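Colleague: Hey, I'm new to this one. Could you walk me through a couple of spots?
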Amino acid sequence: MTTNTVTTVSAEIGGAEISLETGKMAKQAGGAVVIRQGETMVLCTATVGNLRDVDFLPLTVDVEERMYAAGKIPGSFFKREGRSGEKGTLTARMIDRPIRPLFPTGWHYETQLVAMPLSVDMVHPYDILAMNGASAALMISQVPLPTPVGSVRIGKIDGSFVVNPSEESLLDGCQLDLVVAGTEEAILMVEAGASEIGEDEILDALDIAHGEIKKLCALQHELREKAGREKITFEPPSLDESLVEKVRASHGADLDAATQVEDKLARQDASNAVCDAIVAEYAGNPDDADYSAKKATAQTIFSKLEKATIRNRIAVEKKRPDGREAQEIRDISIEVGVAPRTHGSALFTRGQTQALSIATLGTLKEEMRLDTLGLEKNRFYWHHYNFPPFSVGEAGFMRGPKRRDIGHGALAERALVPVVPDTEAFPYTIRVVSDILESNGSSSMASVCGSSLSLMQAGVPIKAPVAGIAMGLIKEGDDYIVLTDIAGVEDHLGDMDFKVAGTTDGITALQMDIKITGVTFEILKDALTQAKEARLNILSQMDAVISGPSEEMSPYAPRIIQIQIDPSQIGMLIGKGGETIRGLADEFESQIDVNDEGQVLIYSSNGELGEALRERITTMMKEVEVGDEFTGKVVKTTTFGAFIELAKGTDGLLHISNVSPGERVENVEDVLSRGDEIQVRVVEVDRERGRIGLRLADDPSIAGKSAEELAAVTSTGGGQRRERSGGNGSDRPRHRRGGRD
């Protein structure tokens, strides 16, 4: 039943007001909240659908970006929004990850959370508001969520921590971008990018964040008390404990042995065999009417016993499934240059997780252009992550990246951003792709390591190599253990997935998900300490294979060469109507860009042609001096000599008396023809009168002479230089420059 009562609550978070309003919009949704900060508004809804006969939580989270929120029209051909962009997908994941573990066990109602930005002021990012709004919508809906989730962003700007910093400050000099979600009791999720921040500072930031999270949770409780709907009465499914003990007695030993097999696939096969045996013994005859229900019960009991067996062995007995010690990293294998035609490649293998990372360099015109509800307009470095089904021995559809792929790619990208050079230092667009070829946990951190290696092999001058490690936690009562380099089963059955990436100097990226509410700051400190030790270990192994960026780039990589010329010479380079610059581009099979400050960028797929073009432009821009030597082309012959093109737009005169040293020449065309290339040397430069005099480079009369000595060498008309076209005033001597006529 809908209501016309509008309820609004607000609180001050980080010095700014955040308000929650319900009862005005989307009144037929199970719970609808408009959350607002400044002029950024997000509509968040929570709706419960049908009860489904499934064995998983049917929760979906959608972030629907509307370009009108920022006063924009979508840039696509259809002029309407399509699939969610990266920002929307990452926000949806940040909403989902802390909330999903809080749903009651056995909740099988279809549940959908939708966040829709209605107005974006480019000051207050909508993602934090969407996270809080989604939790508030759940709290006032029929869903029996036990506690609200608050979310806050902590930035480090100019050495100080800032709560919910502005959009602009995040793009300009922010040393830490930390998103934290949690309940009043504990932190549940962390997502961060950092500029080599120390572990102690991370803990300080988490402490500040949790203080603000408590305020946001209290605000949601207030809204719930004023406008909440009646919760659905829900009884979690229960198992017959006597049957559980019976199965434990009959198959516990076999299950214990199966879960200790070190190889992942072999362990899965052994565990599946035990599960099949339990089903065969306790589900009855397949023809019986209640067979399906008994089979589901038997499989549930198996899963419960498997989880309890593995967790108890790890937390109490301190034995990991693959036999490693708590702080032991799986064997690492590293190879670079595995794909010879690529610009940079690396194969990083850790245990049964393997990432193939390929770096590709492009021109600045190939930047990623963004059309989003934010201030970021382009990106010159990005990372894509792919997780094909064969990496875990499965067959499945491959229809583009999934949300998980996008999230892991963004995490690896965030880890490398602080060490990737800007375009002024390295004028390339950079794309790295990590294909996971084999997976048994921590594939995103393997892609971080692989990306760092492939960038160095490609010759990208990164500030420092980056490595990543995934930490885990198993907590049983008062017994707990922090695990380094968790494998898949430890992630699946564990209480924490804590990914840490960084250099030898500090952390560059964090991602943490916690499934329980009893994680203390002491446990987080232990996890960060172990992660640092592991990270330094991996970095040392990477250093043994490649110690820094390659000095030589791949011969197949485009060459981007920078030249700085005087802005007054831009017209000379471009030429009349662009003739000069187009001619150079065609001749050297390259692309040339020049900006108003005189920065010239040469893009060439062939290194030799690129360097030759650099030399040509440098020569063109250089003031001709006595003693300079050129390979020039005859562009015009006259009765008194030949005009030789020294550089595009600059000619010199080889007087007829110097066309053939030691011989008298009556007609220049008897010796030289238009288009001939000859080696000449400058013997005279008269800048006031625009004259450049030339001699043949092998002329015995100037052999071995210095520039000062050449300046004294003259001959009749030898220094005269005229415009190519004849006739009246056009024959007057002057120093011609292309594009300046």
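Modeller: Sure, and keep in mind that this is a predicted model. Let's start with an open sheet built from three strands, ordered β22-β24-β23, with antiparallel pairing.

Colleague: Which ones are the edge strands?

Modeller: Those are β22, covering 559–564, and β23, covering 590–594; each of them pairs on one side only. From one strand to the next, the twist averages 20 degrees.

Colleague: And how many bridges join β23 to β24?

Modeller: Five bridges, with β23 and β24 (residues 599–604) running antiparallel. To pick out one residue, D593 has L601 in β24 as its bridge partner.

Colleague: What holds strands together in a sheet, generally?

Modeller: Backbone hydrogen bonds, and the pairing can be parallel or antiparallel.

Colleague: Which helix lies across β22, β23 and β24?

Modeller: That's α14, residues 607–621, and it runs at about 10 degrees to β22.

Colleague: OK, new topic. Where is E196 found?

Modeller: E196 is in strand β10, which spans residues 187–197.

Colleague: Is E196 buried or exposed, and why?

Modeller: Buried, because its relative accessibility is 16% and the cut-off for buried is under 20%.

Colleague: What does the side chain of E196 make a polar contact with?

Modeller: With the side chain of T503, at 2.5 Å.

Colleague: And which residues is E196 in contact with, leaving aside its neighbours within four places in sequence?

Modeller: T503 shows up again there, along with K463, D505, G506, I507 and T508.

Note on methods:
Residues are numbered from 1 along each chain as its sequence is written. This is a predicted model: local features need pLDDT of at least 70, side-chain atom pairs count only at pLDDT 80 or more; totals for chains, interfaces and linings use all residues. Side-chain values use heavy atoms; hydrogens and water are left out. Two strands pair if DSSP finds at least two bridges between them. Helices (H or I, at least four residues) and strands (E, at least two) are DSSP runs, numbered from the N terminus. Axes are lines fitted to C-alpha atoms, for helices over the stretch in contact, and angles run from 0 to 180 degrees between N-to-C directions. Contact means heavy atoms within 4.5 Å. Buried means under 20% relative accessible area, exposed over 50%, partly exposed in between (1.4 Å probe, protein chains only). A polar contact is a pair of N or O atoms within 3.5 Å; within protein, one must be able to donate a hydrogen and the other to accept it, and residues adjacent in sequence count only if both atoms are side-chain atoms.
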